[in-house]
Amino acid sequence: MSTHCHFRVAKRGFSRIRSAWLAYLSLSLNFVFPCVAAETADEYQIKAALSYNIARYISWPTKNVGNIKFCIVGNNNVLNGFKGFEEKQINSRSIDVLLLDKFTNASSCQIIFISKGSRDLLPRINVAIGNNPVLTIGEMPGFIGSGGIVNLLPKDGKIILYINQGAAKKSGLKISSKLLRLAEIVE
């Protein structure tokens, strides 16, 4: 059972260049990772592709060097969906995909993907991260309200991207305006 996967773009007057860029990003994701119905094994490959592309438009403070630690809070299905991105890079930095099982290590991650099955762990994760520059990406209702930065939520066969700019600024992360144009902004 297939569904289509798209970013929701706010209705604003885009120039032709911006529209072309948005179309390219959406098409490239659909060609590389065709969307399938939720709760299949490929669901997390799609969310991994979206998370990877989101991370490409994030700037971390200059003190972060070395490989990017892309930490996963979830089960092995979630982890396996992200493992294919260990061969890629973000801003010339290699990616290490790790299962985050000890939250005391959360602040050493640059990105944390928190699966919907880990909702009860959000308070512990937030305490462990503190104000460190960690991009949190979730997939559950209420994630943004709990201090998360990016939320990927399904709606009408599409994945809607929500961004909490206040939480990103608090963490010292800068989000590209190109990415912000693709998202619903929550303060």
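Which residue takes a positive phi in the hairpin of β7 and β8? Select the two strands, β7 at residues 150-155 and β8 at residues 158-164. The residue is D156, with phi near 55°, in a hairpin that has 2 residues between the strands. The model is predicted, and some parts of the chain carry low confidence, as the next stop shows.

**Confidence**

Colour the protein chain by pLDDT. The mean is 81, and 77% of the residues reach 70 or more. Confidence is lowest in helix α1, residues 16-32, at a mean of 44, and highest in β6, at 97. Over residues 1-24 the pLDDT is below 50, although this stretch has 44 contacts in the model beyond near neighbours in sequence. Residues 26-39 also have pLDDT below 50, and that stretch has 29 such contacts.

**Strands β6, β7 and β8**

Return to β7 and add β6, residues 135-138. These two strands run parallel and are joined by 2 bridges. Within this pairing, G138 stands opposite N151 of β7. On to β8: β7 and β8 run antiparallel, with 6 bridges between them. Pick L153 to find I160 of β8 opposite.

**K47**

Next, select K47, which is found in helix α2, residues 43-55. Is K47 buried or exposed? Its relative accessibility is 6%, and the cut-off for buried is under 20%, so K47 counts as buried. Show the surrounding residues: leaving aside those up to four places away in sequence, K47 touches F82, F113, K116, E139 and L152. The side chain of K47 also makes a polar contact of 2.8 Å with the side chain of E43. To relate K47 to the strands already visited, draw a distance from its C-alpha atom to that of G138: the separation is 9.8 Å, for residues 91 apart along the chain.

**Helix α4**

Now select α4, residues 122-129, and display L122, I125 and I129, the buried residues of this helix. They lie on the same side of α4 because they cover an arc of only 65° around the axis. An α-helix has 3.6 residues a turn, so residues three or four places apart point the same way.

What do the buried residues of α4 pack against? Add β2 (68-73), β5 (111-114) and β6 to the view, since these are the strands they pack against. Rotate to the face turned away from the buried side, where the exposed residues P123, R124 and V127 are found. Finish at G130, which follows α4 and has a positive phi, near 60°.

Technical notes. Residues are numbered from 1 along each chain as its sequence is written. This is a predicted model: local features need pLDDT of at least 70, side-chain atom pairs count only at pLDDT 80 or more; totals for chains, interfaces and linings use all residues. Side-chain values use heavy atoms; hydrogens and water are left out. Two strands pair if DSSP finds at least two bridges between them. Helices (H or I, at least four residues) and strands (E, at least two) are DSSP runs, numbered from the N terminus. Buried means under 20% relative accessible area, exposed over 50%, partly exposed in between (1.4 Å probe, protein chains only). Contact means heavy atoms within 4.5 Å. A polar contact is a pair of N or O atoms within 3.5 Å; within protein, one must be able to donate a hydrogen and the other to accept it, and residues adjacent in sequence count only if both atoms are side-chain atoms. pLDDT is the predictor's confidence in each residue, from 0 to 100. The arc is that of the directions from the helix axis to the C-beta atoms.
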